[in-house]
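Work through the following exercises on the contact between two domains. Each task is followed by a solution in steps.

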Amino acid sequence: MGKRLLILTAGMGAGHDAVAGELARRLASADVETSVVDVLELVPLRLGDGLRRAYEAMIRSAPWTYAGIYRVFFASGRPARSSPLTAVIAARLERRIRELPPDAVVSTFHLAAQAAGRLRHTGRLTVPSLVLVTDFAVHRMWLHAGNDRYLCPDERAARAVTRRTGRPATGHAPVVRPEFRRPPGDGDRLRRLAGAGPDERIVLISAGAWGVGAVVDTARGLAASGRYLPVVLCGRNARLRERIRDVPALGWRDDLAELMAGAYALIDNAAGLTCREAFACGLPVVSYRPIPGHGREGAEAMARDGLSFFARSPEELVDALDRLGGAALRGTRALRVAALFDTVPAERVIRSALG
């Protein structure tokens, strides 16, 4: 008899959904049936959509508001308290589990981890509950002692999770689509799209799926240096793309792996999946003016582990890019990044939990 795996995600940006989708692709086989559920869709009266829009609006227009919320509710060292929203999601999730019982549950979003952990703790979920943490910095909303196992971005984070929850935790290889791990192409597509000359060094500036952050100022400042050609990845934010007229700007792309193959570096402001995709391509990452909360903490964690630079001023940004021109430093960074992908694949741990 085949096994059933339930993967829980949330459409907050594109990263959580992309990880959930790639996990489903890797684990789907003749003996494993996978299904993916957005936990925000479990909230009645379309309140989940309202939460998504409110979060996007904060990140886009009032990031200081989210910074305060993160500091109070996410960054505390105390265990997370159960919220009414978690209770509602857990009740709806329990109903979904009864309709189509899985053999294991994997959460790729922190609210999902809270809801699944609650059900497991109270005995209403009787199969293993695993949490795949998609943030480089693991905040307390990811943590619920009811979950059986945690898959973390690295072993340092895994040790911290075990100390705080008492649950087993291990590092795992980044979950990115296979095209990001293939040998890079010659980068002609990016050079054509950017209208770049043969000797220009192209730097991608990521604004995430929602197109947020101070990327316009970043691009203009970098262009003014005269040493790099910035290309802004605007995601699905058409208004942002319209605002950028003096440097190349691109909308949502399905060929990001090929574009990364032609870039000199990536400037990122979220420390999310795009960074892992760049790591898989061998593209150096510089964090600059990150979004507050998990974005800033993730940028600091990546820099602390020697995976990226964290530039805190326009001068530091240009200096970091200049330093990446050295073969020795570029090689050292590449070795540290490669070590991430030498760790256990997440799907191997999940298959073990399926039995």
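**Exercise 1: polar pairs and charges**

Five residue pairs are in polar contact between domain 1 and domain 2, both residues at pLDDT 80 or more (a polar contact is a pair of N or O atoms within 3.5 Å; within protein, one must be able to donate a hydrogen and the other to accept it, and residues adjacent in sequence count only if both atoms are side-chain atoms). This is a predicted model, in which local features need pLDDT of at least 70, side-chain atom pairs count only at pLDDT 80 or more, and totals for chains, interfaces and linings use all residues. Residues are numbered from 1 along each chain as its sequence is written, and side-chain values use heavy atoms, with hydrogens and water left out.

Task: find how many salt bridges cross the interface of domain 1 and domain 2.

Step 1. Apply the criterion: a side-chain nitrogen of Lys or Arg within 4 Å of a carboxyl oxygen of Asp or Glu.
Step 2. The rule finds one salt bridge across this interface.
Step 3. Asp 305 and Arg 156 form a salt bridge through their side chains, at 3.2 Å from N to O.

**Exercise 2: extent of the interface**

Task: state what area is buried between domain 1 and domain 2, and which three residues of domain 1 supply the most.

Step 1. Set the bounds, which come from an automatic or database domain assignment: domain 1 is 3-172 + 343-354, and domain 2 is 178-324.
Step 2. Buried area is the accessible area (1.4 Å probe) that two parts lose on being put together, summed over both; here the value is about 1900 Å², with 67% from carbon and sulfur atoms.
Step 3. Ile 59, Arg 60 and Phe 136 give 31% of the area domain 1 buries against domain 2, more than any other three residues.
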